[in-house]
Amino acid sequence: MTADRMAQAFPLVQLVNPNLSFEGWQRYAAYRTQSDVKEPSGILLIEDGSEHIAGLFGYLIDLHLQYGRVLVARDLVTLALFEHQRNQALRTIVETLDELAATHSCSAIHTITAKPLSCEDTNVPFVQLFAAAGHRCEPWGFCKLLPPAAV
């Protein structure tokens, strides 16, 4: 992520983290995107057709005691003026999570949400989209178990 894109993404991140300073965002982005770490990590930006940032999330590959290699996504933010735009950004995020997990031979995807989820509220588009893509709702976010990678 370039410095320009990092600066452009800051107002979006600040919507869900209003007390976050720009310096705090810079530290987080630098840590997530450093290239000398053992396991991959990063920040992915989701852009609309006009190259405006419609969403983003941070990710890392972690070793989970039960599942082994897990893609952990957190700090997920979307912004759209219209519901269909937000839903498209969320669909793109869900698809990107699957691709990242496959690329890094992960056995599960954990998406950690900023606020605890009410898994009973299936009318929330966010919950519907993740559930439709095979993610199980948990109080801390979503978990999707993946089939073993073909060898």
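**Exercise 1. Leucine 79**

Is leucine 79 buried, partly exposed or exposed, and what is its relative accessible area? Place the residue and find its surface partners.

*Solution.* This is a predicted model: local features need pLDDT of at least 70, side-chain atom pairs count only at pLDDT 80 or more, and totals for chains, interfaces and linings use all residues. Residues are numbered from 1 along each chain as its sequence is written, and side-chain values use heavy atoms, with hydrogens and water left out.

- Step 1. Take the cut-offs: buried is under 20% relative accessible area, exposed is over 50%, partly exposed is in between (1.4 Å probe, protein chains only).
- Step 2. Leucine 79 has a relative accessible area of 45%, so the residue is partly exposed.
- Step 3. Leucine 79 sits in the loop between E3 and helix H3 (83-103). Helices (H or I, at least four residues) and strands (E, at least two) are DSSP runs, numbered from the N terminus.
- Step 4. Leu79 joins Leu15 and Val16 in a nonpolar surface patch, with about 280 Å² of accessible area together. Patch members have over 30% relative accessible area and no salt bridge; nonpolar side chains (Val, Leu, Ile, Met, Phe, Trp, Tyr) are joined within 5 Å, like charges within 9 Å. A salt bridge puts a side-chain nitrogen of Lys or Arg within 4 Å of a carboxyl oxygen of Asp or Glu. Areas come from the Shrake-Rupley method with a 1.4 Å probe; for residues, only the protein chains shown count as cover.

**Exercise 2. The two sides of H2**

Sort the residues of helix H2 by burial.

*Solution.*

- Step 1. H2 spans residues 22-32; Gly24, Trp25, Ala29 and Arg32 are buried.
- Step 2. Viewed down the axis, these buried residues fall within an arc of 130°, so they line one face of H2. The arc is taken over directions from the helix axis to the C-beta atoms.
- Step 3. The face turned away from the buried side carries exposed Arg27 and Tyr31.
- Step 4. The buried residues of H2 pack against helix H1 (3-16) and strands E1 (41-47), E2 (53-64) and E3 (68-78). Contact means heavy atoms within 4.5 Å.

**Exercise 3. Cysteine pairing**

How many disulfides are there?

*Solution.*

- Step 1. A disulfide is a pair of cysteine sulfur atoms within 2.5 Å.
- Step 2. The closest cysteine sulfur to that of cysteine 106 is in cysteine 143, 12 Å away, so too far for a bond.
- Step 3. Cysteine 143 is in no disulfide either; its nearest cysteine sulfur, in cysteine 137, is 11 Å away.
- Step 4. The count is zero.
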